Amino acid sequence: MAMQGAIFDMDGTLLDSMEGWATAGQRYLERRGLVSRCGEADSLLYQGMIGAAQHFQREYGITDDVQTIIDGINAEVAAFYAAQATACNGVREFLQMLKDRGVKMCVATATDRCLAQPTLERLGLMPFFDCLFTCTELKTDKTVPLIYDTATAFMGTPKKQTWIFEDASYAVRTAKTAGYPVCAVYDRFEKRAEYLKSTADHYVRDYYEAMNAAF
C-alpha cells in the first residue's frame, strides 16, 4: 500500500548532526569536574536525553533532577546546532517528493524542542512537517513506540501506511516491533548496520537512494 504518512527522526536521519552529540556527555561531565568513562558517547547517542540523564545520575552520583541535567547537555550542543549541523544528503529533494505526493510528515526526536525546531527552521526543513514531537515533552524514549503512535494519531494515517525513518538500531527495533514499516538510514555512528539491513523494510545510504525505493 502507498505511503500516507512519514515520521522522521532528526539527528543522523534528517540532519548530519551526530558529531555534536558524540562528545557532549564527556564535555558535560568535565564541566562538572567529573572524569567520564569509556562509552559516554553511547549514553547520549542511543539512550536519548532522559535515558542519558538518568544514566549520569546512576553512574556519577549527580543529584540534579533529570531536567536540569538535560538543560546542561543541551547547552553543550547548542552552538553546534546553531552553526554546524547540516541536512543529510538529498533530504530536501526527498521531502519535496513526499510533499508533492500528499504524504503527511512529522518529526519525532529525542532532542529537545529548543534545539530541534530552530535548527530545522534554519535549514529550511520545518515547512515540510505538520508537527514536531519530542521525547522529553512526551516523557518517553524510543525504546517504546509512544512517540510514533502519537505522531501517527496526529496525522490520522494508518499504521501500515505510516513509514518510520530512523538511523539507530534500537529505534528501528521499536518501530518494527510496534508494526510500522521502517526505512533505516545510514549513519556512520550506528554500530549495527547489519542489523538495520536485516530488520528494516528498506535500508538507504542517502535520500537520493530513497527516492528510488518502493514506498
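Two strands pair if DSSP finds at least two bridges between them. In this predicted model, strand 4 and strand 5 (residues 131-134) are joined by four bridges and run parallel. In strand 5, C131 is the bridge partner of C106. Between the two strands the chain passes through helix 7 (residues 113-122), and this β-α-β crossover is right-handed.

Strand 4 also pairs with strand 1 (residues 5-8). Four bridges join strand 1 to strand 4, again in parallel. Here F8 stands opposite V107 of strand 4. Strand 4 spans residues 104-109, and five of its six residues are buried, so the strand is largely enclosed by the rest of the structure.

These strands belong to an open sheet of six strands. The order is 5-4-1-6-7-8, and the pairing is parallel. Strand 5 and strand 8 (202-204) form the edges, each pairing on one side only. On average, neighbouring strands of the sheet are turned by 20° against each other, direction ignored. Helix 6 (residues 91-100) packs on this sheet. Helix 6 touches strand 1, strand 4 and strand 6 (162-166), and its direction makes about 155° with that of strand 1.

Helix 10 (residues 169-177) lies across strand 6 and strand 7 (182-185). Its direction is at about 175° to strand 7. Buried residues of helix 10 are S169, Y170, A171, V172, T174 and A175. Just after helix 10 comes G179, with a positive phi of about 100°.

The next feature is helix packing. Two packed helices are described by the angle between their axes and the distance between the axes. Helix 2 (residues 24-31) and helix 5 (residues 66-83) pack at an angle of about 115°, and their axes are 9 Å apart. Angles of 65 to 115 degrees count as roughly perpendicular. Helix 2 and helix 5 are therefore roughly perpendicular to each other. The crossing of helix 2 past helix 5 is right-handed. On the helix 2 side, the contact involves A24, R27, Y28 and R31. They meet I69, G72, I73, E76 and V77 of helix 5.

Helix 5 also packs with helix 7. The axes of helix 5 and helix 7 come within 10 Å and cross at roughly 5°. Angles under 35 degrees count as roughly parallel. Helix 5 and helix 7 are therefore roughly parallel to each other. From helix 5, N74, V77, A78, Y81, A82 and A83 take part in the contact. Their counterparts in helix 7 are C114, L115, T119 and R122. V77 of helix 5 thus appears in the contact with helix 2 and in the contact with helix 7.

A79 lies in helix 5. Exposed means over 50% relative accessible area. A79 is exposed, with a value of 56% relative accessible area. From A79 to C131 the separation is 52 residues in sequence and 24 Å in space, C-alpha to C-alpha. C131 is the strand 5 residue that partners C106.

D112 is found in the loop between strand 4 and helix 7. Buried means under 20% relative accessible area. At 6% relative accessibility, D112 counts as buried. The contacts of D112, not counting residues up to four places away in sequence, are Q67, I70, N74, T134 and T136. Among them, N74 is also one of the helix 5 residues that meet helix 7. T134 is 22 residues from D112 along the chain, and their C-alpha atoms are separated by 6.1 Å.

K139 sits in another loop, between helix 8 (135-138) and helix 9 (146-155). Most residues other than glycine have a negative phi. Phi of K139 is near 55°, a positive value in a residue other than glycine. K139 is exposed, with a relative accessible area of 73%.

How values were computed
Residues numbered from 1 in each chain as written. Predicted model: local features only at pLDDT ≥ 70, side-chain atom pairs only at ≥ 80, totals over all residues. Heavy atoms only, no water. Buried < 20%, exposed > 50% of the residue type's maximum accessible area, 1.4 Å probe, protein only. Right-handed = clockwise from strand over helix to strand, strands pointing away. Axes fitted to C-alpha atoms, helices over the stretch in contact; angles between N-to-C directions. Parallel < 35°, antiparallel > 145°, perpendicular 65-115°, else oblique. Left-handed = near helix turned anticlockwise from the far one by under 90°. Contact = heavy atoms within 4.5 Å.
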